[in-house]
Amino acid sequence: KVIVFGSINIDLVATAPRLPVAGETLLGHDFFKAPGGKGANQAVAVARLGITSYIVGRVGTHSFGAELIDSLQASGVRTENVSIEATVSSGVAVITVDDAGENQIIVIPGANGFVDQEDVGRLSNLLPGAKALLLQFEVPMAAVVDAAKAAHHAGVKVILDPAPVQADVPDELYSLVDIITPNEVEARQLVGFPVEDKESAARAAEILLERGVKCAIIKLGARGVYCASGKECFFIPAFPVQAIDTTAAGDAFSGALAAAIALDLPLHECVTWGAAAGAIAATKSGAQPSLPDKYTFDLFLKE
Ligand code: ADP
């Protein structure tokens, strides 16, 4: 089993020919609403691939709370550790996607901002028998660090998606992390220089390893993925696909990576699973609707 400790949001998505600039009003194409939040997306990504998936987090009593829990359950995620925060909104993400598939996202934390020690306690009860814990930065940093500690001490692999990127990542977090999975923007923020190709990704990964992570996986979008652990380094080119909307490509990546780790697959294969799921997600609109099921995923890997 895989556990996700993180955010649960509703995504409000507008599509437009291009992204607006500051102060501009732009006529868009379309609007839709879909369940999202990096935590929930990653939990769904795991469940869709047939691996037992638990989420620990919070939703609000108003604005979409019950709807979000229902949709997680419909995707096969175990939600008995999702608590309902009275009188606040659930997390909301306002997303714009342009014709090239690029996006801009504003996240209102709502109930996610109340995730704390109590949730870490719920997580601790779930850790026995788990293979991996997926973490992101959409719930408070103190809770993320405590969740990482709990998993680390229980011998459960900690996989951190450092998104949305934070200016102050506590030093102690790195040594609790087994695998960190920044994209180009996050990698740049973490190491302080541009990361946009294999060479700069290799240098960034080296720095992250020195800080204490056991493995660094740098996601370079359509350019592929670079992975370095103490034992091996390799690059996996992106699967050639027609990208429509990269929302949740990173979450598909994290979920599939954790699913492969739950099956004890070798690292190279785990990263390939991540890259394949990310590529599939990039070909479809929205967050959770774009996450592949096992059938689609197996078919894609065979081709
Ligand atoms: P994030 O969604 O966190 O910003 P990326 O955009 O790098 O991360 O996407 C995550 C992964 O999804 C990539 O490492 C890659 O494997 C896959 N992916 C994303 N965009 C594309 C694309 N246009 N073509 C093929 N694969 C893609």
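**Close-up views of a predicted model**

**Figure 1. The surroundings of the ligand.** In this predicted model, the ligand is surrounded by 18 residues, and the closest are Lys219, Ala222, Ala243, Gly250 and Gly278. Two elements, helix 8 (249-262) and helix 9 (267-282), each give two or more residues to this shell. Helix 9 provides the largest share, with 4 residues. Sorted by character, the shell holds 12 nonpolar residues, 5 polar ones and 1 charged one.

**Figure 2. Helix 8 from end to end.** Here is a helix whose length you can check for yourself: at 1.5 Å a residue, its 14 residues should span 20 Å, and the C-alpha atoms at its ends are indeed 20 Å apart, so the two values agree. Helix 8 is mostly covered, since 14 of its 14 residues are buried by the count of neighbouring C-beta atoms. As you follow the chain just past helix 8, look for Asp264, which takes a positive phi of about 60°. If you look along the helix, keep the general geometry in mind: an α-helix has 3.6 residues a turn, so residues three or four places apart point the same way.

**Figure 3. Asp251, a position named in a record.** The unreviewed UniProt entry lists Asp251 under "active site". In the model, you will find Asp251 in helix 8. Is Asp251 buried or exposed? Asp251 has 33 C-beta neighbours inside 10 Å, and 20 or more are needed, so Asp251 counts as buried.

**Figure 4. Two hairpins that share strand 12.** Start with strand 11 (residues 215-219), which is joined to strand 12 by 5 bridges, the two running antiparallel. Within this pair, Cys215 has Ser229 of strand 12 as its bridge partner. Strands 11 and 12 form a hairpin with 5 residues between them, and in the turn Gly221 has a positive phi of about 55°. Now carry on to strand 13 (residues 233-236), which pairs with strand 12 in the antiparallel sense over 4 bridges. Here the bridge partner of Ala228 is Cys233 in strand 13. Strands 12 and 13 also make a hairpin, with 3 residues between them. Strand 12 (residues 225-229) itself is mostly covered, with 4 of its 5 residues buried.

**Figure 5. An open sheet of 4 strands.** This view shows an open sheet with mixed pairing, whose strands follow the order 3-2-6-7. Why is one side of strand 3 and of strand 7 left without a neighbour in the sheet? Strand 3 (30-36) and strand 7 (103-108) stand at the edges and each has a single partner strand, so one side of each has no neighbour there. On average, neighbouring strands of the sheet are turned by 20° against each other, ignoring direction. As background, strands of a sheet pair through backbone hydrogen bonds, either parallel or antiparallel. Strand 2 (residues 9-15) and strand 3 run antiparallel and are joined by 7 bridges. To find your place in this pair, look for Thr15, which stands opposite Asp30 in strand 3.

**Figure 6. Gln42 in helix 1.** Our last stop is Gln42, which lies in helix 1 (residues 38-48). Gln42 counts as buried because 34 C-beta neighbours lie inside 10 Å. Pro17 is 25 residues from Gln42 along the chain, and the C-alpha atoms of these two residues are separated by 28 Å.

Methods:
Residues are numbered from 1 along each chain as its sequence is written. This is a predicted model: local features need pLDDT of at least 70, side-chain atom pairs count only at pLDDT 80 or more; totals for chains, interfaces and linings use all residues. Two strands pair if DSSP finds at least two bridges between them. Axes are lines fitted to C-alpha atoms, for helices over the stretch in contact, and angles run from 0 to 180 degrees between N-to-C directions. A residue is near a molecule or strand if its C-beta atom, placed from the backbone, lies within 6 Å of it. Ala, Val, Leu, Ile, Met, Phe, Trp, Tyr, Cys and Pro count as nonpolar, Asp, Glu, Lys and Arg as charged, and the others, Gly among them, as polar. The expected span of a helix is 1.5 Å times one less than its number of residues. A residue is buried if 20 or more other C-beta atoms lie within 10 Å of its own, exposed if 12 or fewer, and partly exposed in between; C-beta atoms are placed from the backbone. UniProt positions are given in the numbering used here, feature names are shortened, and annotations may be inferred rather than shown by experiment.
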